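This report goes through one region of a protein chain and then its overall dimensions.

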Number of protein chains: 2
Amino acid sequence: MSEAKLIGLDWGTTSCRAYLIGTNGAVLARSTNGPGILGVENGAFGAALDGMIGGWLVQHGALPIILSGMIGSRQGWAEAPYVCCPANADDIVKALARIAHADLRIALVPGLSTENGAMPDVMRGEETQIFGALGSSDDGRFLLPGTHSKWVEVAGGRIVSFRTFMTGEVFGALKNHTILGRLMRAGEPDAAAFTRGVCEGAAAGSAGALLNRVFATRTYGLMDRLADTALSDYLSGLLVGAEIAEAAGGDVTIVGSATLAAHYRQALRLLGYTSTLAPEDCVATGHWRLARAAGLC
Amino acid sequence: MSEAKLIGLDWGTTSCRAYLIGTNGAVLARSTNGPGILGVENGAFGAALDGMIGGWLVQHGALPIILSGMIGSRQGWAEAPYVCCPANADDIVKALARIAHADLRIALVPGLSTENGAMPDVMRGEETQIFGALGSSDDGRFLLPGTHSKWVEVAGGRIVSFRTFMTGEVFGALKNHTILGRLMRAGEPDAAAFTRGVCEGAAAGSAGALLNRVFATRTYGLMDRLADTALSDYLSGLLVGAEIAEAAGGDVTIVGSATLAAHYRQALRLLGYTSTLAPEDCVATGHWRLARAAGLC
């Protein structure tokens, strides 16, 4: 077992994953059930940090610590202002924010901002995952699916641009807070309904057509064209298909949980795109690379 | 004052409007605050009806009664199965459902169904508004904006086809149940933000682009490009603009409340379409026409 060099935390809104990291970013230990920033009361982030990694500090001494994700937002521990794209690891390192807590050296990774046409977009945490997922390559297209899916272009080691799609959150809002959920019943995953959704979502046409097409989730149920247990998968496919048809443009590397990645890989395949899966702990590799570039370890 | 001939009720999910109707559909009296079908417990629709129109029956005797809207759905008083488009007033009249309640003759207007490609669509209640709004014309394009906007084509006195857009309900779900509502603050209506939304929604492009573009509601707020009091109007405009760009195709008659109609008229004008406003009580005219065609009065 290699020597511990760094502690990295991917600290988001609703959860936190902590890594004890050795040489070359090897993950020596992990703790995946930490509280998200919404779960930390009265700004007690220091105590929350001690709770998650105190044991490692006792065992390995005062290792350098690097935090990425929403912990660096206005609602987090301290704000690390956005760095504009295009940005490489050095640009990010120059903008690391620092926190003093006990005798620990803590660095906060800034988020990135970009402009698509006149529309601003932002990320926090995904940049670290991407620098971890890049591997030995300097170029690539990345998809980080989820509540807010991010599609990210990397060229020459720089994150050049990205776009956010609210696919996961829109799905939840439509399922749980509109008439579309009324006919739905929980059941086994229905791959055929998901496939149908993907194809119809990809073919939906205009932005307004989506406001019409989602209503099929109700009328397919009313007219018995889909079983009540299939409607949720249909709606999920519809939104994922629409997202991919707009965002995809060639081979893509997916960074995300196995279950969600499998859904997206299936949808990508249906629409003619190849994809590969990034290693599960790539965010720790990102922590390592950024910390090394900053001379923290 | 002409003699009372008919009582018509536009009985929807969340509210009911009742009309005392004279010759040629003249509205002699109205009651607009009746309970929607969700507000009637244990199927006590007869009692709810008596509560709304009992006074008129005492005054004018046992007038014929016609009901339109969700009252004729599976969740309503009795089911009046959908009639397929294209459908004229005679087709609808042939499918009227009948209810016996006390000594009253009650007719239930069926809803309409259609197919757009392989997607079924349905309406209940709007068909009656449209037959009322048609006036002396046999042709027209109608927009009934709201929770579920309907765009309807009428030719030769038949409702030929229609499409539902979940614009209003999607707006509510996004505003109240996603991150997009977090930065919003209530304020005076912001016409400039609504206009900006309409133009950007109409230009959004694909179905998937809408999943990206709605996120501008957050990033415009984060980056101080729009005031927190403007974000709700921006999001509303975005969805309305997307709907109109997909659905509009020439002059349209709007059937709906004055406030909502004004918003849509502004958006239509911005995107180069003319519109006219149907009379407020056109549903009563529709009740009259259908009841006459059925020989009820």
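## Helix α4 and the strands before it

In this predicted model, helix α4 of chain A (residues 167-177) has the buried residues Thr167(A), Glu169(A), Val170(A), Gly172(A), Ala173(A) and Leu174(A). Within chain A, the buried residues of α4(A) pack against β12 (158-165), α8 (231-247) and α9 (258-270). They also pack against α4 (167-177) and α6 (207-213) of chain B.

Strand β12(A) pairs antiparallel with β11(A) through 7 bridges. In this pair, Trp151(A) stands opposite Arg163(A) of β12(A). Strand β11(A) (residues 149-155) is largely enclosed by the rest of the structure, because 5 of its 7 residues are buried. Strand β10(A) (residues 140-144) is also joined to β11(A), by 5 bridges and antiparallel; here Gly140(A) has Val154(A) as its bridge partner.

The two hairpins are set out below.

| Hairpin | Residues between strands | Glycine with positive phi |
|---|---|---|
| β10(A) and β11(A) | 4 residues | Gly146(A), near 150° |
| β11(A) and β12(A) | 2 residues | Gly156(A), about 60° |

Chain A as a whole contains 10 helices and 14 strands. Its radius of gyration is 21 Å, which agrees with the value near 19 Å for a compact globule of 297 residues. The C-alpha atoms fill a box of roughly 65 × 40 × 40 Å along the principal axes. Of the 297 residues in chain A, 56% are buried. The chain exposes about 11700 Å², of which carbon and sulfur atoms supply 49%. Chain A carries 23 positive and 27 negative side chains, with the centres of the two sets 2 Å apart.

Methods
Residues numbered from 1 in each chain as written. Chains lettered and ligands numbered in written order. Predicted model: local features only at pLDDT ≥ 70, side-chain atom pairs only at ≥ 80, totals over all residues. Heavy atoms only, no water. Rg over C-alpha atoms; globule rule 2.2 N^0.38 Å. Buried < 20%, exposed > 50% of the residue type's maximum accessible area, 1.4 Å probe, protein only. Areas by Shrake-Rupley, 256 points an atom, 1.4 Å probe, with all protein chains shown as cover. Lys, Arg positive; Asp, Glu negative; His and termini not counted. Charge placed at Lys NZ, Arg CZ, Asp CG, Glu CD. Contact = heavy atoms within 4.5 Å. Pairing = 2+ DSSP bridges.
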